[in-house]
Amino acid sequence: MLKSQYSIVLNEKPFALVSGASLPEVEIAYDSYGSLNEDRSNVVLVLHALTGWSAAQEWWPGIIGDGKLLDPSEYFILCPNLLGSCYGSTGPESINPLSGASYFATFPEITVRDIAKATLHLLDALEIDTVRLAIGGSMGGMVILEMAALAPSRFQAIIPIAVTGSHSAWRIAFSSTVRKVIVAADPTLRDKTKLAQGLYLARQFAMTSYRCPEEFEERFGRTRVRTKFEVENYLEHQGEKIVGRFSPYSYLTLTRAMELYDLAEGRMSLRQVARSIEARALFIGISSDILYSTREIESFASSFPNAEYATLDAAHGHDSFLVDTEALSEIIAPFLLGITIDSKEEAFA
């Protein structure tokens with residue numbers, strides 16, 4: 001399987017943000033799998049969730065790979081690292097070219113719309129005019145919807161998973177508390193070591209929203225290992241893992257962007273925005289997700305002119321799209337086949 005990693009500095013300098021601030025320059029890192037066909041019509045854009053990265057086959061091996069749903073022998077699979085992250089794209093850990101030092105806490109506030117705009121600029125730089133399919137879960141789904149609203153004619157089909165048109169009060173309740181735990185470790189935001197300690201605790205709380213009560217009960221129950229409950233050990237392990245691989249500054253930046261996410265902001269009503277997106281769409285909800293109910297996602301999907309809805313029946317909560325990939329593939333496969341057939345028919349029309 002072909003795989004390559006690159007990065008591009010975007011042409012827009014400075015890069016204007018929704019807040020009115022700007023970044024002197026923006027670099028976007030990306031991985032790709034497979035090759036572009038002659039007419040560049042086989043592009044599949046995969047966008048990661050909050051703490052993901054561009055090497056999508058590493059965190060979605062059940063979806064991307066030889067013989068899998070997204071097969072590099074058929075598609076050119078493009079996977080950018082999102083603006084604000086810490087895996088190669090411009091974010092708080094990057095060097096500010098104006099100061100010569102890392103941004104850290106001085107990194108400006110960004111929105112999902114800013115991230116979508118940067119990703120569209122990446123497509124421009126790669127001379128990709130049409131995306132056959134854009135797919136992503138949670139934050140990745142937010143960015144896909146924003147991109148489709150900004151450039152509706154660019155996408156033939158989209159699959160937003162476990163996401164709707166805005167961050168609700170329920171989701172903000174979890175997210176804002178997570179950020180406050182990090183900030184409480186160092187209100188000055190200057191001591192990265194202390195902030196990492198805050199991230200260690202914050203991630204444990206966040207994990208309780210990414211999973212579901214039934215899974216925890218079945219998996220851990222009241223089992224103890226010496227003085228600790230097994231569920232405590234699991235959460236502490238998750239805290240240790242995130243501290244070892246992610247920036248507390250990026251965590252603060254991206255969770256805030258998710259809180260600010262509202263597809264209708266500065267536009268029409270949410271229903272009107274949805275009706276302006278004519279790409280074929282498959283919205284997927286998760287039966288055990290406590291952040292995004294299936295009813296909420298199905299209702300949102302009904303506003304799109306060419307959308308259908310499906311439920312992933314899985315027991316791993318919001319994270320099920322990363323875990324239950326066999327069942328997810330079974331849901332997506334007929335939709336993907338349909339848009340592939342449509343694309344071939346258009347080519348011969």
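This is a short tour of a predicted model, with a selection to make at each stop.

Begin by selecting helix H10, which runs over residues 294-301, and colour Ile297, Phe300 and Ala301, since these are buried residues of that helix. Looking down the helix axis, you will find that these residues cover an arc of only 100°, which means that they lie on the same side of H10. In general, an α-helix has 3.6 residues a turn, so residues three or four places apart point the same way. Next, show what covers the buried residues of H10, which includes helix H3 (139-150), helix H9 (270-275), strand E11 (280-286) and strand E12 (307-312).

Now turn to the largest nonpolar core, which has 77 residues, and select Leu83, Leu145, Met147, Phe155, Ile158 and Tyr251, the residues with the most contacts inside this core. Helix H3 gives the most to this core, with eight residues. Apart from this core lies another one, of 34 residues, and to find it you can select Val44, Leu70, Tyr75 and Leu328, which are among its members.

Return to Tyr251 and display its surroundings: leaving out residues up to four places away in sequence, Tyr251 touches Leu50, Thr51, Val178, Ile182, Leu199, Arg203, Ala206, Tyr210, Ile242 and Phe246.

For the last stop, select Glu215, which has its place in helix H6, residues 213-219. Is Glu215 buried or exposed? Its relative accessibility is 7%, and because buried means under 20%, Glu215 counts as buried. With residues up to four places away in sequence again left out, Glu215 touches Ala315 and His316, so select these two as well.

Technical notes. Residues are numbered from 1 along each chain as its sequence is written. This is a predicted model: local features need pLDDT of at least 70, side-chain atom pairs count only at pLDDT 80 or more; totals for chains, interfaces and linings use all residues. Side-chain values use heavy atoms; hydrogens and water are left out. Helices (H or I, at least four residues) and strands (E, at least two) are DSSP runs, numbered from the N terminus. Buried means under 20% relative accessible area, exposed over 50%, partly exposed in between (1.4 Å probe, protein chains only). Contact means heavy atoms within 4.5 Å. The arc is that of the directions from the helix axis to the C-beta atoms. A nonpolar core is a set of buried Ala, Val, Leu, Ile, Met, Phe, Trp, Tyr and Cys residues joined through side-chain atoms within 4.5 Å.
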